[in-house]
Structures are given as structure tokens and as C-alpha cells.
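Please open the model in a viewer and keep the selection panel at hand. The tour proceeds from one sheet to the contact between two chains.

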There are 2 protein chains.
Amino acid sequence: MGGQDRPRRPTVSDVAATAGVSVKTVSRVINNVPTVRPELVEQVLVAIGELGFRRNDMASSLRSGRRTATIGLIIEDLANPFYSVIAATVAKVARSYDTHLITVSSEEDPRLEQRQFLELCQRRVDGLIIVPAGSDHSYARPEMEMGMRVVFLDRPPSGILADSVVIDNARGARTGVEDLLAAGHSRIGVITDSPSIYTARERLSGVRTALTEAGIPYDDSLIRVGVTRPEEAVRVVADMLDGADPPTAFFTGNNRITVGAVRELCRRGHDAALTGFDDFELSALMPRSLSLIAYDVQELGRTAALRLFDRIGGDGSWPSETVIGTRLVRRGVELLKT
Amino acid sequence: MGGQDRPRRPTVSDVAATAGVSVKTVSRVINNVPTVRPELVEQVLVAIGELGFRRNDMASSLRSGRRTATIGLIIEDLANPFYSVIAATVAKVARSYDTHLITVSSEEDPRLEQRQFLELCQRRVDGLIIVPAGSDHSYARPEMEMGMRVVFLDRPPSGILADSVVIDNARGARTGVEDLLAAGHSRIGVITDSPSIYTARERLSGVRTALTEAGIPYDDSLIRVGVTRPEEAVRVVADMLDGADPPTAFFTGNNRITVGAVRELCRRGHDAALTGFDDFELSALMPRSLSLIAYDVQELGRTAALRLFDRIGGDGSWPSETVIGTRLVRRGVELLKT
């Protein structure tokens, strides 16, 4: 590439000087050598950021320039309709770039995610989109330094710098709870996935903000976390309704939990209000009214895919996070009839 | 391999003698050379069948024996929940064999299916499961002769001999229509996908059998084919109900069409009976009663995956078709409340 007539780009030596460390330390950080002290890693990453050091530019010369016209997508769970739509949308963008997409599932196992990342890299894909299961993605650093382009989807990376595209989880959840509060509910049962998952954590934080701003104490007995499958949500809703002072409304943290809540509320013919995160295909046919925090899933997939192809096409700008907005929608079969 | 102490296996010469053609012609058929006359292809395939000529055994010696511990899955449409469940189930079986699964979508395009087949073969997967979009799969013959193991899922192959796992489409549809007839319906609106698709064709044939056996004339004005998306089904149901002599019941050929029919019937508050092929996750929450032809989607995926791993493990028996049975189930939210 050379870079004739272009402004001189910072080198590894510049990074070392700015960070106040040796070139060897910079190299170790770039190559993810685990023995570097965390403070030094931070110093080097900050220096890289300040200088706009484009690591991929340097690294891409280390790779043979040959493209495979293939990208990879690592998702958590092939059977979740949310991920199917993501996969289909990414496939569509890939096709428009005449590129093949291979999709693999991490089955929500961080070790499997890492193994599949490495296997896809060995297959020499041009780039990867990851919906991360794990909370430490530093395993990706050496391959990224060698030129692999990676975009994180739905959850930001941790331990590395990379592009990500996420939903505005906290604000969406906050809006949903504010809507229930405005309707006069003050005992709101909150059911979410484990807070170890980024999206659940962010949504819980939005719930807490809404409650705090309304001056309603955060009542632990109304918060149930670690719920994943609809059948678990059925049991949690039943348990809360059978309690001494049951909630008059529920806030459910994702589409799987919402579906379980609808099931139990309908079985009982119970009229508790229900607001959930995520829209889903058959929400318009649900046999009761509900409110949902909706967003454009296709936009999420498309934005991540376009960002990846920008990177593959040579965009060496600093990694960024793109946030997809949400909106509150009313659903249920009664609305169809009006 | 040699085959010492085992009964002598038929050779290419035996096939040629039985078929009454030259060895060169047999070789051309095996290698999918397009210039062989169709009658000769048939003669050779019949001879291969009669003799139990195990083509993969011969061919596998042509491949390097090295395994990649990876299998491929080519499906039609990543966004259809039916295929997501298939993909997740195949992934689970693959994991139990410590094998990586890569999934690609043919986007219902036969040419893309063929291209992706060849690309996955180039990536040296150990075997492939295909939900075929196209109606001619002879493109797979050369790779299969070279030892590639292929199992067809949901639709049988055409133009080649290979394992397949399919649903009992005709019998399921017949049972569904018989159930509507037994309830007193004689004007049944039938809405299916294009008969160019194997499953739609089989299901239509089951419908026809049920009507014929009940002595009810096959009324073309009650049959609408080529319907794929739910929105199209909405319009077709509306159109039939607005006709001069509307049906009192509907038979819908797949889950996508059923969902559209539920939507339009609910919007109108219309009480026409509804029976559809395929169960779907939220059927128990549908705001009206409906009957569905259900089957075990996971069994479909699991059976195909296990068959593929049998082949990869050396099973050289003659290709077979496995048929997964169906059962009629009642669904709708009213059932939850009892």
C-alpha cells in the first residue's frame, strides 16, 4: 500500500513513546500476550486511541491479500427467532456484496464461541459478526491484529476495541416502565434474564431509573432475574400472582419471557398489565392487550453487516458503537378488530 | 480398504454389463457428464441399484481420508422458524460428534443452492444436509462420487440417489381434511404454496384423496396455490370469504399461511373452521380454536443428522427415505383455560 502522498501514519514506535512503554510492550499488547500488566495494557490502548493508530492497516499486510468472499456470523442460539432474522438480514447484505455467509451457533457457551471464532478465522473468512455469549473477547485480539475484521452485534465487546451495534436497552426499558407508572401502576413485577448478560443488565438499569425518578422504592421481592425459557416465566408469573401482595403489572425483559407471561395471564384470565422488551411476529394475534418495546431487528443486522463490509473495503477509522433506537407499541388481537 | 474376506463387491464393469452400456458410459453417468442420453442414465442407475454397487466406497479412496470435523447445512430461509429449529437440532447432534456445523441459506434459489453446495465441498466439509430449493440435484453427483456424504431433508433429491428424511405430507393433509369433512364441512377453502414445491404438491395430493374418497367434487374455485407469505394468505382468505358461496372451513398448507388465515378470520370475527399443516410455537396462544397437522421438527433434524454421521462413519448401505409421521392436534387459547 505504501501510503505515498498521505499524511504519515503513527507507527508502533509512536504508540510506545506516547504510552511511555517499550515497543516490545506495545507489540505484546497488540498480540494479546497475557503477561502484560493490566495498567500497561490500558496505557497502550489509550495511546493507540489518541494517535488514531490504525492497527488493521499495519496488520493487513501480514495477511495474504487474498479474499475468500465469505463472512462468518456467530450467534447464540439458532432456534431463537430474533437470531434467525439477524442471520437472514446479514445473509441478504452479504449477497449484495456477492459474498457467502456461514453461520454458526455458540449455544450460549463462551468457550464454544472462542473455538468457533478461531475455526472461522482458520477458514480465512474476510470478516466476522459476533453476537457474543462470553464477557471477555480478548481472544479475538491476535486475529484482529492480523487483519481480521470483527463487528459485535447486540452486545459490545469487552477487553478489545471493536465496532459494535446495539439496541438502546436502558432507554427502551425505562420508557416501558414509565408507561406502566403513568397508567397508575406502582407494584410492577419485573422478570428478566440473568444480569450477567449485557442486554438484561442494561434493561434492568432502565427499569431502576424509571422507578427511582418516580420515587418508587426498588422492591427486591418484585424483581426476578435469571429467567430464560417461556416455561420458567410461566412459573415466575404464577408465583408472583399467588403471593401476598401481587403486582398489578409486569415488565418482561425479552420476547421469550413475554410469551410465558402472556400464557399464564391468559390461562388465569388475569388482567394485570403487561409490557415487554422485544416485539415478535405473532404479537398482533396475542389474545390480550400488551405493550412492547419494539425496534428494527433488520436494521440491527443490516447496520452490523454494512459496517463489516466497510471495514473489509478498507475503512480504517476508529471503532464505534452504533445504537438502534426503540419505540413503545401496543399489540394484541383486539386492535386488529377496530 | 481391500475388502479381503468380504463378498466381492460389484465393479464398474459389472454395472456396465448389467446396464448393457460401455464402462465409459457408466463413468460418464457417475461423473455427471451432461452429454449422456437420459435413457442411458436411467439404465445405469437401475443397474447400480440392482447390483448394490456402493459408489461411495469406491469413491472415498479418491478423497484424502482426512476429516475436517465440520458438516454443512444448506437451508432455504434462515428467517423461517421451522428452519431455525432444524438448524439448532442439527447443531446439537453435531456437537455430540464433536463436529462443527456451518449453516448457509439458499434463499429459495436453486442456482444459489448449487453454488453453496460446491463452496461447502471446497471447504472440505465431511458431509452435507440439504433442504433443497431446486428440483434437480444432479449437480451433487460428482462430489458424491468423490465421497461427499449428503442427506436431503424435508424434500427428497431428484436426479441422484441419496438418503432423505421427509414428513408424511400426503397422509397428514388427508387426515386434516377428513377431520373437517367429519365435522360437516363440504366447502373447504384450500390454500397452499406452489405445487412446484414437493411438500405443497404432496399435501395437495392428500387433500384431493380425502375429497375424492368423501365423494366431494374437486372445486377449482376453492383451491388457491402459490401463496407463501402471511400477508398473501390474509388477502386470499378475504377474497374467498367475500365470494358468492364462501367456504365454511379452510385448510392451510403451512404455518406461514395458517398465521395469515388466523389473522384475517380474527379481524372479521369469522367462525370458519381452520385446519393447517405445521404446528408453531405460539399456536397455543392463538385467539381462536384451530387444528394443526403436527410432527416432531426436532426428530426430522435429528434423524437427518444421525443418518449423515452414520454415513461419515462408514455406513455404505443403499440410500433410504425415512418418513416422519404426523398427528392432528387442537390448539387455541381457549384450551389453556380449561
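Contact here means heavy atoms within 4.5 Å, and angles between axes run from 0 to 180 degrees between N-to-C directions. The model is a predicted one.

**Stop 1: a helix across strands.** Select residues 255-268 of chain A, which form helix α11. This helix lies across β6, β8 (249-252), β9 (273-277) and β10 (290-294) of chain A. Relative to β9(A), helix α11 of chain A runs at about 160 degrees.

**Stop 2: the sheet.** Extend the selection to the six strands of the open sheet in chain A, whose order is β7-β6-β8-β9-β10-β12. The pairing in this sheet is mixed. At its edges stand β7 (223-224) and β12 (327-331) of chain A; each has a single partner strand, so one side of each is left without a neighbour in the sheet.

**Stop 3: one edge in detail.** Select β6 of chain A, residues 188-191, together with β7(A). The two strands run parallel and are joined by two bridges. Within this pair, A:Ile191 stands opposite A:Arg224 of β7(A).

**Stop 4: the two copies.** Display chains A and B together. A turn of 179 degrees, with a shift of 0.0 Å along the axis, lays chain B on chain A with an RMSD of 0.2 Å. This is the relation of a two-fold axis. Both copies use the same surface, since 100% of the contact residues of chain B recur in chain A.

**Stop 5: the interface.** Select the contact residues: 37 come from chain B and 37 from chain A. The size of an interface is often expressed as the accessible area lost when the parts come together. Between chain B and chain A, about 3,700 Å² is buried, with carbon and sulfur atoms giving 59% of that area. On the side of chain B, select B:His100, B:Arg123 and B:Leu285, which lose the most area to chain A and together account for 18% of what that side buries.

**Stop 6: polar links and their surroundings.** How many salt bridges are counted between chain B and chain A? The count is four. To inspect one of the salt bridges, select A:Asp98 and B:Arg115, whose closest N and O atoms are 3.6 Å apart. Six residue pairs are in polar contact across the interface of chain B and chain A, both residues being at pLDDT 80 or more. Finally, select α5 (81-96), β2 (100-105), α6 (110-122), α11 (255-268) and α13 (333-337) of chain B: each supplies at least two residues of the side that touches chain A. The most comes from α11(B), with six residues.

Conventions:
Residues numbered from 1 in each chain as written. Chains lettered and ligands numbered in written order. Predicted model: local features only at pLDDT ≥ 70, side-chain atom pairs only at ≥ 80, totals over all residues. Heavy atoms only, no water. Pairing = 2+ DSSP bridges. Helix = DSSP H or I, 4+ residues; strand = E, 2+ residues; numbered from the N terminus. Least-squares fit on C-alpha atoms with pLDDT ≥ 70 in both. Buried area = accessible area lost by both parts, 1.4 Å probe. Salt bridge = Lys/Arg side-chain N within 4 Å of Asp/Glu carboxyl O. Polar contact = N/O pair within 3.5 Å; in protein donor to acceptor, adjacent residues only side chain to side chain.
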